[in-house]
Amino acid sequence: MKRMRQKASPLGGFSSGASLGGKVSRYRRKQNIYTQGAPAYTLFYIQEGGVRLTTRTKHQPSAVTAILGVGDFFGEICLAGYPLRMSTAVALTASSIRTIQKNKMMQMLRKKNKTSNAMVAYLLSSVQKYKEHVAELMTSSAEERLARVLLRLARLDKKGPEAVEIPILSHQVLAEMVGTTRQRVNLFMNRFRKRRLINYNGRIEVYKSLKKVLPGF
């Protein structure tokens, strides 16, 4: 059984994140990193562990907008001039996270070197992912969206293993990510397990064959 893999850093060979500067802090599981509406003058880089982002609106409960892992940035929207946090960030597991001052990152981006080019590429990729997520919400069924979420969390690709274990997530959290109810997530998860596309017994193991649920596979 493969456990959740550490994704290659978006900064190429700088997997430690040391070239980014800043301070590394440890967070406990479920510990708040920042809250929605707080001043935004730093961004963060995950060196170990994982982070959950949730967003709330005036008349709606909080919704999970992202589950991030090693090699991911978050809070980076401050670089676009937004003065306040647009989500709440909580450590999904015990995590080691590097905090980078906005002004320091802006200085680095102006240097136009290997690291700054990689950071720009990462930011552009993040924008594309958000666009794809919105398109999925509008065009895919809840079952297909759940399959995409699980595959994305496992980060399964053609050259990777056939199965990857992902962090423990409740059906309620998955429902918030997918945009459906906990009952429907429970139904789909049981269906996936019966078809041997996933396995879960306290932990969730995602098989590459889960892609069969998606159209055009």
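**Helix H5, the H3–H4 pair and Ser-140**

Author: Let's start with Ser-140, which sits in the loop between helix H2 (114-139) and H3. This is a predicted model, where local features need pLDDT of at least 70, side-chain atom pairs count only at pLDDT 80 or more, and totals for chains, interfaces and linings use all residues. Residues are numbered from 1 along each chain as its sequence is written, and side-chain values use heavy atoms, with hydrogens and water left out.

Reader: What makes Ser-140 buried?

Author: Buried means under 20% relative accessible area, exposed over 50%, partly exposed in between (1.4 Å probe, protein chains only). Ser-140 has 12%, so it counts as buried. Leaving aside neighbours within four places in sequence, Ser-140 is in contact (heavy atoms within 4.5 Å) with Arg-145 and Arg-148.

Reader: Why is H3 called roughly perpendicular to H4?

Author: The two pack at an angle of about 110°, with axes 9 Å apart. Axes are lines fitted to C-alpha atoms, for helices over the stretch in contact, and angles run from 0 to 180 degrees between N-to-C directions. Under 35 degrees is roughly parallel, over 145 roughly antiparallel, 65 to 115 roughly perpendicular and the rest oblique. So H3 is roughly perpendicular to H4.

Reader: Which residues of H3 and H4 meet there?

Author: Ala-142, Arg-145, Leu-146, Val-149 and Leu-150 in H3 meet Leu-174, Met-177 and Val-178 in H4. Those residues split into seven nonpolar, no polar and one charged. Here Ala, Val, Leu, Ile, Met, Phe, Trp, Tyr, Cys and Pro count as nonpolar, Asp, Glu, Lys and Arg as charged, and the others, Gly among them, as polar.

Reader: How do you know that the span of helix H5 agrees with what is expected?

Author: Helices (H or I, at least four residues) and strands (E, at least two) are DSSP runs, numbered from the N terminus. The expected span is 1.5 Å times one less than the number of residues. For the 13 residues of H5 (182-194) that gives 18 Å, and the end C-alpha atoms are 18 Å apart, so the two agree.

Reader: And what makes the buried residues of H5 line one face?

Author: Val-185, Phe-188, Met-189 and Phe-192 are buried in H5. Going by directions from the helix axis to the C-beta atoms, the buried residues fall within an arc of 100°, so they line one face. They pack against H3 (142-154), H4 (171-178), strand E10 (198-200) and strand E11 (204-207). The face turned away carries the exposed Gln-183 and Lys-194.
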